[in-house]
Amino acid sequence: MSPIRYRGRHRKPSRASTLIRGGVLSGVVGTVAVTGAAAPAHAAEDPVETTAELRALNEILSTSTSEAAQATEAYADLTGLRHEHADAERKAFTTAQRAAAELRAEEEAQAEAEAEAEEARLEAEAQEAAAAREAEEAAASRSAERSTLAAASAPAATESAPAPASGSAAAVISFVQSQLGDAYVMGATGPDAWDCSSLVQAAYASAGISLPRTSQPQSTSGTQVSLSNLQPGDILYWGSAGSAYHVAIYIGGGQFIGAQNSSTGVVQRDMAWDTPTGAVRVL
């Protein structure tokens, strides 16, 4: 009997293609490798066809891996950029808020400093003028003529003694009289040293009346009155109303008491010694 011959059937390339589409790439590569080593009976298969399959698999694997890596890298870059952008926005907002707050604080501090400097400048000018007048008086008092004139005018001074005051005006005048001889110190508020506006403020406070701290608003705190119609307790001011650089208390009889300058301190003076610009009545 003739032996029965079986013809081997070649594996079709479509088998590998099906597995590739299913995603089993590594299994296909392993299967092809094992088949090539363990099945010599199929050595007659076309080596060119097998090699082409392997090349195609390698190209697909290489392309898929490269594209996946690129996609992953691009996603990571995009995520990082989004985080950086969000951080930058937060930092910019915080910086802007801080800068605005600092600017407001600087503007307020500058405005306050300018107001204080202006008042200090005006009071310094007043002190210089008063000091010059004091020096002139001191020089004149050393002359015999000045002594003679002073003696001659003594009765007139007696005649112009302050008129009695009553009520709140009496309290204000009593307070400033009790401070005669105290020192003048810029910015001082008592009890033994004053500047012009703090003495006026404290005098009115002794009568239960609240006044602003500085000379500028004090010069507009009451009703404007003429210098020919003054009453004891009126506030005298030097400079323009609302921007006065010096204030004092009128005590009657053509006299006033004020914290004049660092040379004289708190003194009583005749109106003719330094005529004020105007006056306001609070009482």
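Two strands are said to pair if DSSP finds at least two bridges between them. Helices (H or I, at least four residues) and strands (E, at least two residues) are DSSP runs, numbered from the N terminus. The structure is a predicted model, in which local features need pLDDT of at least 70, side-chain atom pairs count only at pLDDT 80 or more, and totals for chains, interfaces and linings use all residues. Residues are numbered from 1 along each chain as its sequence is written, and side-chain values use heavy atoms, with hydrogens and water left out.

**View A. Strand 4 and strand 5 pair in the antiparallel sense.** Four bridges join strand 4 (residues 235-238) to strand 5 (residues 246-252). Within this pair, I235 stands opposite I249 of strand 5. In general, strands of a sheet pair through backbone hydrogen bonds, either parallel or antiparallel.

**View B. Six strands form an open sheet.** The strand order is 3-8-4-5-6-7, and the pairing is antiparallel. Strand 3 (223-225) and strand 7 (265-270) stand at the edges with a single partner strand each, so one side of each is left without a neighbour in the sheet. On average, neighbouring strands of this sheet are turned by 35° against each other, direction ignored.

**View C. Helix 6 and helix 7 lie across strands of the sheet.** Axes are lines fitted to C-alpha atoms, for helices over the stretch in contact (heavy atoms within 4.5 Å), and angles run from 0 to 180 degrees between N-to-C directions. Helix 6 (residues 167-178) lies across strand 5, strand 6 (255-261) and strand 7, and runs at about 115° to strand 5. Helix 7 (residues 196-205) lies across strand 4, strand 5, strand 6 and strand 7, at about 45° to strand 5.

**View D. Helix 7 is largely enclosed by the rest of the structure.** Eight of its ten residues are buried (under 20% relative accessible area, 1.4 Å probe, protein chains only). Among them are C196, L199, V200 and Y204.

**View E. Q218 is a buried residue of helix 8 (residues 215-218).** Its relative accessibility is 0%. The side chain of Q218 reaches the backbone oxygen of P212 at 2.8 Å. Leaving aside neighbours within four places in sequence, Q218 is in contact with residues including S197, V200, I235 and V247.

**View F. P276 lies in the loop between strand 7 and strand 8 (278-281).** P276 is buried, with a relative accessible area of 5%. P276 and V247 are 29 residues apart in sequence and 8.6 Å apart in space, C-alpha to C-alpha. Leaving aside neighbours within four places in sequence, P276 is in contact with L227, L236, Y237, W238 and M271.

Key
Buried means under 20% relative accessible area, exposed over 50%, partly exposed in between (1.4 Å probe, protein chains only). A polar contact is a pair of N or O atoms within 3.5 Å; within protein, one must be able to donate a hydrogen and the other to accept it, and residues adjacent in sequence count only if both atoms are side-chain atoms.
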